[in-house]
Structure formats: C-alpha cells, structure tokens
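Here are some notes to read alongside the model. Take them in any order you like, and keep the structure open as you go.

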Amino acid sequence: MVKVQSSTSGYPRIGGKREWKRALESFWNGATSEEQLLKTTETLRLESLQKQKEFGVDLIPVGDFSLYDHVLDTSIMFGVVPKRFEYAGGKVPLETYFAIARGTKDAVASEMTKWFNTNYHYIVPELEGVTPQLVENRPLAFYKEAKEKLGIDGKPVILGPVTYIKLAKSFGEENFSTLLQQFTPLYIEVLKELVVAGVEWVQIDEPILTSKLTEEDFQHVQQAYAAIHEAVPQLKIILQTYFEKVANYEAVVALPVHGFGLDFVHGDSLELLQKYGFPQDKVLAAGVIDGRNVWRADLDKKVTLLEEIQLHVDKSRLIVQPSSSLLHVPVSTETEEKLDPIIKGGLSFADQKLAEIVLLSRGIHDGTETIATGLEESRNALARLNNSKYRQNVEVKETIENLTEQDVNRSLPFAKRIIEQQKRFNLPLLPTTTIGSLPQTPEVRQTRSKWRKGEITNEAYEQFIKDQIDKWIEIQEDIGIDVLVHGEFERTDMVEYFGEKFEGFAVSQFGWVQSYGSRCVKPPLILGDVAFSEPITVKESVYAQTLTTKPVKGMLTGPVTILNWSFVRDDIPRFDVLNQIAFALRKEIEELEKNGIRMIQVDEPALREGLPLDQDKRESYLNAAVYAFKLATSSVENDTQIHTHMCYSEFSGIIKSISALDADVISIETSRSHGEIIAAFENNTYDKEIGLGVYDIHSPRVPSKEEMKQNINRALKTINPKQFWINPDCGLKTRKEEETIGALKIMVEAAKEVRESQLATLKN
C-alpha cells in the first residue's frame with residue numbers, strides 16, 4: 001500500500017530566537033560581511049531542514065527560505081529590477097536586492113503591501129519596462145544544497161507565474177496574457193533544470209486562484225499550465241493554494257498538474273469536495289492543520305475531517321499537511337518556559353505542527369489505534385485549557401450578549417461635533433502630526449530589557465520613560481509640529497503591549513513571526529475572555545500633556561487590529577472575541593478622557609488585512625469591524641476627537657466602511673504606493689478629516705521638501721484643505737533619531753509652505 005505522506009509547504013525562516021533578523025541587521029549596519037551573512041543564514045536554513053527531516057516529514061520544502069521576501073526572490077530570479085536601481089544584467093547583486101526592498105539615498109524602495117489577508121508584507125514587483133530572463137535558478141540551488149549537505153530529496157517551492165503577475169505593480173489587466181506568455185517559458189526553463197537534477201516533486205504556489213479570475217484570464221492560465229505540462233510531463237507538480245477555498249474549483253482541479261494543495265481550515269474546501277468530487281488521477285495535499293494560528297489541533301476532529309476527505313480521495317493519493325506555509329507561526333513552544341503549563345499545553349507552533357502532521361498521516365495510513373496515545377494527549381491538553389479560569393468570565397460574556405445599538409453611536413453626527421472640536425483645539429490649516437511611535441533607540445530597548453530582567457527598579461525605569469517623553473516633546477515643539485505624541489517608549493509592540501495588560505491574553509517569550517524585512521512581531525495569545533482591569537496608557541499620556549500646551553494624542557491600538565495581529569482562540573466565534581476587545585478598549589478610552597486627554601487615536605492598520613478573500617464573506621466582516629470600532633470609541637464627549645490610522649491597503653472598495661467607523665480624523669499610508677491611494681478618494685466623497693502619509697518611514701532615506709510638497713499638493717487636488725492633515729505614513733519606532741528629526745523638519749517646512757499658498761488662495 002502506498003504510504004500516506006506528510007508534507008509542509010514552508011517553514012519559518014527567522015530562527016527560534018530571531019537569529020536571521022540579527023544577521024540581517026548586523027550586515028545592514030556594516031558590522032558583518034556579505035560572506036558572514038550568507039554563512040549564518042545557510043546554517044539556519046540547514047538546521048530547519050534537518051529538523052523537519054528528524055520529525056519524519058516526507059516532503060520537505062526547499063527554496064521557501066528568503067533573505068527578505070519570497071516575492072522579491074522571484075523578481076530577482078527573473079532579473080526584474082526597476083530601472084532606477086541601475087541593474088546591469090546577470091545575477092542580481094545582494095546590494096541591489098536589498099536596495100529594491102529598502103531604498104537608497106537616490107532611489108525609493110519598491111512598494112510593499114500585505115500578502116493576501118495576512119500580516120506578512122511582500123515587495124511588489126515592478127514589471128513595466130522590464131524584459132524578464134532567468135538569471136539565477138534559486139530553487140535548483142536550494143535543492144542541491146539540501147541533497148548534498150543533508151541527504152534530503154527536497155520539494156522545491158516556487159511562487160507561480162499567475163500569482164506573481166497578478167500581484168505585480170500596475171501591470172494592467174490587458175497585459176496579463178502578454179506577461180504570462182513572457183514568464184511561462186522562464187518557468188519551464190527553471191523546471192527543466194530541476195528535472196535534470198533529479199527533482200521528483202515541485203510545489204508551485206498559486207494562492208491567487210482563491211480569487212475569481214475572468215474567463216479570459218483563466219484561459220491563459222490553462223494555456224500556461226498546458227505548456228508547462230508538455231515541457232516537463234514527468235515532474236510531479238503540486239499546485240498549492242491557501243487562505244481560502246479555490247474559486248472556479250472544477251476548472252482549477254482540471255489543470256494538467258499532478259496534484260493540488262487545498263486549505264481545509266480557511267474557507268469551505270470540504271464543501272467543494274463534497275459537491276464536485278476530486279479528480280481520480282490527482283493527488284490531494286490536504287491542509288488540515290492551521291498554518292496561521294497557534295492553538296493545538298483537536299486531533300479527533302482532524303481525523304474525522306480526513307476520513308470525510310477519504311470518501312472522495314483514496315488515501316493512496318492523499319498528502320497531509322498544514323493549511324499554508326508555517327511562515328506565519330513561531331518556531332517552537334519548547335523555549336516557552338514562563339507560560340502557564342495549561343496555556344503552553346494548548347499551543348502548537350511550527351515544530352509542534354510538524355508533529356501533528358506526521359501523527360495524522362501515520363494514523364490515516366496505519367489506523368487511528370496506532371496513534372491512540374497522541375490523540376489522548378491532545379484531548380487532555382485541550383480539556384485543561386477549555387475548563388481553565390481563562391475561559392470562565394461570565395460577566396464579560398453577559399456584557400457582550402446585552403449590547404445595543406445605543407452603545408455604538410456618538411451623540412452628535414460628525415458635521416456638528418467637528419465644530420466643537422475646532423473650538424477646543426484651534427488648529428491651523430493643514431495641521432501636522434505623527435502617527436504615534438517615535439524612535440526606539442538601542443538605549444530604549446536595552447533599558448526596557450534590563451527592567452524586565454529585574455536589573456533596574458520600577459522607579460528607575462519609569463524615570464527613564466519620563467526622560468524620553470521630556471526629550472521628544474521638546475523636539476516636537478522645536479520642530480513646530482501641531483499635535484504631539486508621547487512616543488510610546490514604554491511599548492514593545494503596538495498589539496503585544498495591550499496583550500500584556502488586558503485579561504484574557506498571554507504573551508510568549510519567543511513567539512516571533514516575520515512581518516516585513518527583518519521586522520518581526522510577537523503576536524499576543526488571546527486565550528480567554530478579554531476584559532479591562534486597570535488603565536494602561538493613561539499615565540504616560542497625561543504626563544506628556546503636562547509638558548506642553550499643544551494637544552497630545554492618547555494612543556491605542558484598535559480592536560480589529562488587536563484581533564488580526566493576535567493568535568486568537570478558536571473555541572468561540574471570532575466576532576465575539578472582537579467585541580470583547582472593543583469593550584475593554586472603550587473602558588481605556590473613557591479613562592483617558594476622564595484624565596484630560598481629549599484627542600485619542602485608535603489605530604486600525606489591519607482593518608483591511610482581515611478582509612475575507614471570499615467576496616461573499618466581506619460584508620459581514622466589515623459590518624463587524626465597524627461595530628467593534630464604534631463600540632470602542634462612541635462613549636466620548638462630542639469635543640473629544642477620535643483619530644484612527646490605516647496602512648498598506650487598497651481602499652477603493654471599502655471607503656463606505658471607513659466612513660462608517662465615524663472617526664473624526666483618519667490617516668492613511670500613501671507614500672510607498674506613490675500617491676495611488678489618493679485615486680480612491682477621487683471618485684468617492686469623504687466628509688471627515690484625513691491625512692495621507694507624505695513620506696515613507698519604512699525606508700532610511702530622508703525625502704526632499706519638494707517630494708513631500710508634491711505628495712501634499714496631489715492630495716489637495718482631491719481633498720479639501722480644511723479636511724487635510726499632514727503626517728508620515730506610519731509610526732517612527734524603527735527609524736533612527738537623526739532620520740526622524742530630519743524628515744519631520746522637512747515635513748513641517750513643506751506643510752508651512754503649502755499652508756501659506758492655500759491661505760493665499762482661500763483669501764482670493
């Protein structure tokens with residue numbers, strides 16, 4: 001009997017303790033050489049492969065590793081380098097690779113945006129004016145490395161041509177077929193070289209197939225994969241999808257490949273299987289373990305799911321795997337020494353998911369009686385968590401059940417309350433502000449680390465935070481910014497900080513995941529009923545306000561973002577958890593207002609990120625998001641001004657929902673997308689106040705005043721200057737002090753010059 005195989009479609013690249021991040025940043029800072037960087041990352045890569053081998057995974061992915069981003073890697077493989085980086089052809093130098101991602105003094109970085117509905121960011125390919133060619137077969141190099149050094153006959157992972165082109169920048173729908181015809185022979189060349197090297201299995205990632213393609217586009221997809229099959233018929237290609245069910249299922253599973261990877265955790269893939277069946281000559285790589293969340297699987301339910309799948313797919317053609325790459329979860333729970341054993345026992349990071357996958361594949365092949373011990377262990381661990389104190393807060397549950405519409409509406413509409421706010425704050429035309437966080441220097445991080453380790457007292461740490469606030473309030477006043485922030489020096493991460501304070505959360509020690517580049521975040525664990533217990537942000541905000549007569553914004557992370565950037569319990573409806581978070585934030589906002597903070601920013605950078613890929617599910621998600629935001633913010637007085645912030649999103653389809661949030665001021669990233677988001681407002685009326693980010697904080701370059709003025713003036717062609725705020729596109733936590741001060745000075749100068757011009761125009 002053919003063995004039921006286990007597989008993974010990708011593994012975390014950052015290392016168990018972020019060794020990858022430190023290696024990158026050491027290289028960028030000039031402390032280590034390119035050779036040292038490559039050697040360190042090779043060691044990490046090989047350790048990860050060896051670990052998967054030791055767990056017993058049958059199909060181990062190779063080529064999923066990256067020095068920055070796998071989409072950028074695909075661009076580099078095909079010599080897709082924007083002209084401004086002066087690429088001369090051939091293998092792309094590492095310096096150019098990082099320049100595309102991070103920018104240089106003379107060239108802006110390529111746009112960065114969300115990878116589908118995750119918190120991972122990819123570098124958007126720029127295909128205009130580029131003639132692609134195969135300049136480096138990366139999957140082949142990684143395959144050979146694994147085979148020669150570890151004896152692993154790996155499964156190369158390649159981002160598919162359809163997804164790559166569809167995610168590219170401004171390719172134009174009319175150019176899709178032309179571009180696909182250009183790239184298909186290059187993919188064939190890659191695959192032919194893999195065949196020569198002895199590769200048996202290849203994973204081609206096409207998550208774009210969860211979106212509805214036009215009939216014409218899908219015909220081109222069919223032609224491309226027919227050409228690939230004709231060129232390499234002996235290669236076992238698994239067309240991998242994830243994050244949602246496949247759109248146009250019957251046509252997709254008819255494509256001429258060896259098998260398909262389907263997500264049975266997110267979306268309704270089982271329903272498709274039940275309704276349409278599955279081709280009898282194809283392999284199904286069934287994604288049954290959640291690749292995006294960290295809770296231990298209910299293995300009894302997974303066995304039942306796999307048994308249902310076997311009604312449609314013989315187990316001889318079945319592969320058991322996670323629902324997506326494990327890039328989106330931390331590496332291992334083994335290093336989590338401080339968590340309550342009940343919580344730790346309910347967790348499953350990447351390594352634990354490998355164990356779950358291997359266990360399930362063995363149980364399906366040999367019979368569940370052979371894995372009875374593992375099933376019992378899973379049962380007991382989940383029972384301990386479900387019956388724990390963390391999930392028994394009756395008061396929270398009753399509060400959420402008894403909410404009414406009155407709880408989610410301001411007492412006056414925006415048009416009336418903005419008049420009261422203008423009287424209170426008396427701000428100039430085109431007021432300037434920042435998004436919230438200010439540079440967290442090595443000194444800030446080191447001092448916080450010492451405090452956490454008990455090496456300095458609470459009093460000493462609090463005084464240090466006050467000193468930082470003193471310093472930066474003075475800097476902001478000297479620069480001439482109109483609305484100030486306290487800087488968030490006491491916070492590690494905008495979500496984790498609240499996870500440490502609200503009931504119902506826990507924070508791991510090493511639960512890091514990659515967000516963009518070397519930027520890693522440690523999502524908190526929402527494991528129980530969420531509740532407010534004591535003020536979180538009041539002390540620092542109130543102190544900062546005592547130092548200035550200008551308004552200081554209170555800074556909070558919004559309910560949708562806390563939900564989307566956390567690992568959320570999966571035993572109750574997700575929207576119930578969302579409303580619990582919102583109500584806890586409502587209490588915090590009321591505390592800020594009570595203590596004199598009358599301008600409060602509730603950031604929602606992840607609102608669109610959580611938008612379901614399935615169009616039929618979007619309305620309910622957006623309605624829930626709006627409800628939760630209003631639940632958090634609606635109890636304030638009319639002259640208290642609510643701000644929010646969003647970043648890296650396409651807004652044209654959700655402007656009505658953004659307006660429905662009823663925030664008085666919204667700020668939106670727009671600099672890396674070179675002002676394109678502004679187009680969303682050209683055909684839609686937006687009646688509240690708005691700031692479109694005028695410079696990119698994700699790049700170390702300091703833009704010129706003319707560049708900022710150009711961004712401001714373009715926005716003012718669409719947006720009334722009386723509505724418009726001027727700000728960077730995101731928080732400044734990751735930037736150096738000199739970069740931040742230099743850029744903010746230029747921003748304020750640009751604002752003043754445009755303000756004078758606008759005032760002159762208004763007078764006339």
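1. A word on vocabulary first: a residue counts as buried when its relative accessible area is under 20%, exposed when that value is over 50%, and partly exposed in between. Keep in mind, too, that this is a predicted model.

2. Let's start on the inside, with M708. Is M708 buried or exposed? Its relative accessibility is 0%, so M708 is buried. You'll find M708 in helix α26. Setting aside residues up to four places away in sequence, M708 touches V694, Y695, P703, A743, I746, M747 and A750. If you want a distance to check on screen, the C-alpha atoms of M708 and P728 are 9.8 Å apart, and the two residues are separated by 20 residues along the chain.

3. Helix α26 (residues 705–716) comes up again with a salt bridge. E753 pairs with K705, and the closest N and O atoms are 2.7 Å apart. E753 belongs to helix α27 (residues 737–763) and K705 to helix α26, so this pair ties together parts that lie 48 residues apart in sequence. How accessible are the two partners? E753 is partly exposed at 31% relative accessibility, and K705 is partly exposed at 26%.

4. While we're on salt bridges, there is also a network to look for: R391, K397, D529, R569 and D571 are joined into one by salt bridges that share partners. The full count of salt bridges in the model comes to 42.

5. Now try R519 and D493. Their side chains meet in a salt bridge, with 3.7 Å from N to O. Where do the two residues sit? R519 is in strand β13 (residues 519–521), while D493 is in the loop between α18 (458–479) and α19 (496–499). The pair is 26 residues apart and links distant parts of the chain. R519 is partly exposed, with 21% relative accessibility, whereas D493 is buried at 9%.

6. For a pair within one helix, go to K594 and E591. This salt bridge has an N to O distance of 3.2 Å. K594 and E591 are three residues apart in helix α22, so about one helical turn separates them. K594 is exposed, at 62% relative accessibility. E591, on the other hand, has 19% and counts as buried, because the limit for that label is under 20%.

7. Helix α22 (residues 574–594) also holds D576, and that takes us to the surface. Which residues gather in a patch of negative charge there? They are E395, E398, E401 and D576. Helix α15 (residues 394–401) supplies the largest share of this patch, three residues. D576 has a relative accessible area of 33% and is partly exposed. That value fits the patch rule, because patch residues need over 30% relative accessible area.

8. Back to buried ground with two strand residues. G691 is in strand β20 (residues 689–692), and its relative accessible area is 0%, so G691 is buried. Leaving out neighbours within four places in sequence, G691 is in contact with I666, S667, I668, W725 and N727. G691 and P431 are 260 residues apart along the chain, yet their C-alpha atoms are separated by 9.3 Å.

9. The other one is H643, in strand β18 (residues 641–646). H643 is buried, with a relative accessible area of 3%. With neighbours within four places in sequence left out, H643 contacts K553, M599, I600, Q601, V602, V665 and W725. W725 appears on the contact list of G691 and on that of H643.

10. Last, a look at the backbone. E86 is not a glycine, but it has a positive phi of about 55°. L430 is not a glycine either, and its phi is positive at about 55°. E86 sits in the loop between α3 (70–77) and α4 (94–102), and L430 in the loop between α16 (414–425) and α17 (442–452). Which of the opposite labels, buried or exposed, goes with each? E86 is exposed at 73% relative accessibility, while L430 is buried at 0%.

Definitions and conventions. Residues numbered from 1 in each chain as written. Predicted model: local features only at pLDDT ≥ 70, side-chain atom pairs only at ≥ 80, totals over all residues. Heavy atoms only, no water. Patch = residues over 30% accessible without salt bridge, like charges linked within 9 Å, V, L, I, M, F, W, Y side chains within 5 Å. Areas by Shrake-Rupley, 256 points an atom, 1.4 Å probe, with all protein chains shown as cover. Salt bridge = Lys/Arg side-chain N within 4 Å of Asp/Glu carboxyl O. Lys, Arg positive; Asp, Glu negative; His and termini not counted. Charge placed at Lys NZ, Arg CZ, Asp CG, Glu CD. Helix = DSSP H or I, 4+ residues; strand = E, 2+ residues; numbered from the N terminus. Buried < 20%, exposed > 50% of the residue type's maximum accessible area, 1.4 Å probe, protein only. Contact = heavy atoms within 4.5 Å.
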